[in-house]
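Reader: I would like to learn how to read the features of a model like this one. Could you take me through it step by step?

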Amino acid sequence: MQPLAVRLVRIGISFSLIAPLLAGGPTALSALAGTKGPTPMINVDTVLQTSWMSILNSNTSLTGASVSAYAFDLTSHQVLGSIHPNWRQPPASVTKLITSAAALENLGPNFRYVTRVTVPTVNPPKSTANGAGPIYLVGGGDPLLEANKTSTLEALAAKVASRVKEASRVVGVSTLYAPPIYGIGWTLGDSVADYGAGTSALMAERSEIEVAVSGAPPGTPPVTELIFNSAAGVPSYFHVVNHAVSVPRGEPNTLAVVRELGTNNIVLTGHMPQGAYTEQFLSIGSPALYAATLFQSLLERDGVKFQEAATTGALPSKTSTIASYSSEPLKKSLILQNQFSVNQMAENLYRMLGVPAQDRSLAGIANSAQGGGISGGTSGSIGASAKVMSAFLAKAGVNPDGLRPVDGSGLSELDEMSSSQVVQVLRYASTRPWFPTYLHSLMQLNSPNAGFLVGHPYALPQGSVAYVKTGNLSNQWNYAGYIKTANGHLIAFAILDDGPPTVRMDLVGSALDQMLDDVAKYPGTGTAGKAGVSDAAIIAAAQNPPPVPSLPASLSFLSPKLKSVLDADGIVGVSVTDASTGKVVWNLHGNTLLNLGLLPRLAVADAALDGAKSFGNVTVQSVGDVQNGTLNGPLVLTGNEYPDLTTANVQSLANQVAAEHIRRINGPIEYVYAGGWLPYPQDIALEDIGQAFAPPEAPLTGSASLVTLHVTAGPHGTAVNASPTVTVSPADAPIRVVNQVTVDAQAPTAVNVSFDLRRRAYVLTGSVQPGGGQSLQVAPPNAPEVSATVFRDALRQAGVSVQNEVRQISSIGQAEPGVNNGSSTKRVVARIYGPSISSVVPDMLNSASSQLAGQLYRALGNGGFRTVLHKLGSNAFLSDPLALGWENYATPNNVASLLVQASHDSRAASLASALKARLWNTVAPQVHSIAGFVRSPSGRLYAVVAIASEMPWNGNFAPQVVQ
């Protein structure tokens, strides 16, 4: 219902020429200390500092932005510019700078990925004594395996075909990297896009597929073509589901082409005018299977006969290599990665950091189906890579304050770094032997080696050269890198911008372009006449930061109520507004756009109270004749956007059915749900899917849709590493569970649950102590089916005999008691009336789940998104009103204004009353917020909003309401 967040993450497809070598001077290493609260400002008395401040204060495109910028002269060892140097912000693809440096340090410029083809050693090359055996395509992490005529996979297939004429199938082996394939905090929308393809030790064609669609004669489906580099296509791998319709020329084009997450179904919907043409790049759902399938098709073209379709699996202990391919060296592939910001390359490189050296040399030789190389299930894991990255940052002298490596590409919004931390990595890199390789992998602005910025001119002074990496997400536009000035000095710099929509900066001559250009003017007009200062002064100031500005004496009564936010380690924004006059009486960064955490739900509630349609009734309809207490047809459950269908509600419906003297139902239990697979906001983190706090968007959901998983270990004496017992409540809930929990007396009981999109199953990991256990509650994506199953069980408890079948239907139409519809009578036999909007709002404030906020939002109808955005102000940016997504921005003053207006609007009385009774204190990933009303000792009412944004992520995704 809400628009997709725009993510400007660019991906390149070809190499650029390597620029001439540029030498950089050595640097001294000194860590820049972090600090809580407002960044200490020191008088960096240079023209660059003055110029930067002038740009920030005068350019309207930066209104509300939080900017962290730092420039350090590596030649003179002086700070040239310092704007909030310790504010952590999402670096986006600037993260690739860090990944590249760590890879060059740990792997070396000449590192190569190795892909091998092996067969079992029994009776090679046939593989088994009983006939043709499998061919194993063993991934070594290469993100650039191609199938374009003479390159990589085709050449590898030719080598294999010269030795093997028959095989059972190709088995793709990707166990060098441990699961999951997606980075931490990646979103639903990212994962199906080409730039967000999953990470795998075995992948081909960058794990993306091009879908070309042409409008056909009106009334017929558009023509679809899947485009591959190779002449050996793999159409059997994909399933095209074409629901789109061609329309006459000139009519609107509403075509949508998506990949259904967890599958390789390419789904087309909407209308496409005749003669129209479009191309869409989508990610591959299972990279290893795609590579194996493509390789098998290439072998078939070369004459190899197969008995079965390609698959994936682990490598047996006894195989022999019959062909191999080594990639280009890292020093060459980094050019493509960094000049065109290729996420797949950076993520595979990041995972390789977590692979022990002995596993790298064996390129995927593993004995675990769960992955992880010969050293076990942690090799190539996100956790193992994060440890290596942390060690590198420490070695580089980067202050660890707030740092938590999350991914290698910067696609995750959980990544956080300050400009001073980025510059410290650049300073360290300039001292290393691999620095020339590092430097020339970056975009050389105003040259053919500018990557995707080749058509974006910069106003650089003559004689200066800029080597830059960009970082762009929905609300971030960042620059970092080196500039060699006309006088031969080498400057390391980082400019990180967060808050305003990225499109404000995606223009030639933007404010951030000007900040970059001014760095290059040293020692000319940009910084003439005033030298920089030693960063020792910056360090001293950071180690002795000034206190957070205190509230004025007249507002001191607020201090204890806001202490948890004011003391938070992030960018703190506060607004205190007189509720009677609407006047802001005190603010700290009150006009800065900050990530809102759960605060968008206040706007949803306020908008719903303004005039949303009433909640519908839950109904149960019998379809068919009832004879002697037997219904000869289905019983249909319809949710109608009821805000929270509870188990008590469901039992009440079942009792009502029994009261209608229906004792037996010969048809199935049906539930009305027209939605498809995975009904979630596009900006939801993949880790949130299936969790209790993030139920799916559906008209039939609530606490009756929740499922509890009970993990119980046997008593002491149970076999070592035995799996504990997992029971599900309700027992017949239609979900799958994969139990990977172990019993371990030496480890604390800690069980984690995640939803595997490909297998559509809950995966339990962790350990429990003997005799111990843990219960976890989840909200399955198929919530309506769960609710219908609970309803079926409730009917049985009410004495009604019911079949086991539960099935989904898209619509039952209107039904009233006694109305005959064709040959079947449809009759409402049970009903629960929907509550008022005003009664639901206080309950929403007491719950961290998005359930009630979601139903309130859907009650707004098609114009709901615009209404909610209007409540937050014209400068706000909203990606997900339910606040499961993380790209929601508004200022503290915006939110305070919303509260003031609600306090004067009788329709919003339930919201205002709840916020007067208790401040709404919530915690979400990286955001802690407080909002509500407080009366002063003199009786004056104030609207109070306090936000701590960009806090270090603590590893938890679940939001909470602090009681």
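Author: Gladly! Two strands count as paired if DSSP finds at least two bridges between them. Keep in mind that this is a predicted model.

Reader: In what order do the three strands of the open sheet with E9 lie?

Author: In general, strands of a sheet pair through backbone hydrogen bonds, either parallel or antiparallel. Here the order is E10-E9-E16, and the pairing is antiparallel. Strand E10 (223-227) and strand E16 (277-283) are the edges, each pairing on one side only. On average, neighbouring strands of this sheet are turned by 25° against each other, with direction ignored.

Reader: How many bridges join E9 to E10?

Author: Five bridges link strand E9 (residues 208-214) with E10. One pair you can look up is Val211 with its bridge partner Leu226 in E10.

Reader: What leads into E9? I see Thr199 in a loop there; is Thr199 buried or exposed?

Author: That loop runs between helix H4 (188-192) and E9, and Thr199 is found in it. Thr199 is buried, with a relative accessible area of 5%. Not counting residues up to four places away in sequence, Thr199 touches Tyr177, Ile181, Trp186, Glu347, Asn348 and Arg351.

Reader: Now the open sheet of six strands: what is its order?

Author: The order reads E2-E1-E23-E22-E21-E20, with antiparallel pairing. At the edges are strand E2 (78-83) and strand E20 (443-444), each pairing on one side only. Two bridges join E20 to strand E21 (residues 465-473), and Gln444 stands opposite Tyr467 in E21.

Reader: How does E22 connect to the strands beside it?

Author: Take E21 and E22 to begin with: nine bridges join them, and a hairpin links them through two residues. Thr470 stands opposite Tyr479 in E22. E22 and E23 also pair in the antiparallel sense, over nine bridges, with Asn478 opposite Leu496 in E23. Their hairpin has five residues in between, and Gly488 in that turn has a positive phi of about 90°.

Reader: Why is E22 described as largely enclosed by the rest of the structure?

Author: Because eight of the nine residues of E22 are buried. You can also look at helix H12 (residues 511-519), which lies across strand E1 (66-73), E21, strand E22 (476-484) and strand E23 (490-498), running at about 165° to E23.

Reader: How do I read a helix pair?

Author: Two packed helices are described by the angle between their axes and the distance between the axes. For helix H15 (residues 600-611) and helix H18 (residues 837-845), the axes come within 10 Å and cross at roughly 170°. That makes H15 roughly antiparallel to H18. Arg601, Leu602, Ala605, Ala608 and Leu609 in H15 meet Ile837, Ser838, Val841, Met844 and Leu845 in H18. By class, this contact has eight nonpolar, one polar and one charged residues.

Reader: Which residues touch the most other members of the largest nonpolar core?

Author: Among its 73 residues, they are Val620, Leu635, Val657, Ile665, Ile689, Phe791 and Leu795. Helix H17 (residues 783-797) gives the most to this core, with six residues. Leaving aside neighbours within four places in sequence, Leu635 has contacts including Val620, Val657, Ile665, Phe791, Leu795 and Val829. Apart from this core lies another, of 56 residues, among them Ile571, Ala612, Ala859 and Leu898.

Terms used. Residues are numbered from 1 along each chain as its sequence is written. This is a predicted model: local features need pLDDT of at least 70, side-chain atom pairs count only at pLDDT 80 or more; totals for chains, interfaces and linings use all residues. Side-chain values use heavy atoms; hydrogens and water are left out. Axes are lines fitted to C-alpha atoms, for helices over the stretch in contact, and angles run from 0 to 180 degrees between N-to-C directions. Helices (H or I, at least four residues) and strands (E, at least two) are DSSP runs, numbered from the N terminus. Angles under 35 degrees count as roughly parallel, over 145 as roughly antiparallel, 65 to 115 as roughly perpendicular and the rest as oblique. Contact means heavy atoms within 4.5 Å. Ala, Val, Leu, Ile, Met, Phe, Trp, Tyr, Cys and Pro count as nonpolar, Asp, Glu, Lys and Arg as charged, and the others, Gly among them, as polar. A nonpolar core is a set of buried Ala, Val, Leu, Ile, Met, Phe, Trp, Tyr and Cys residues joined through side-chain atoms within 4.5 Å. Buried means under 20% relative accessible area, exposed over 50%, partly exposed in between (1.4 Å probe, protein chains only).
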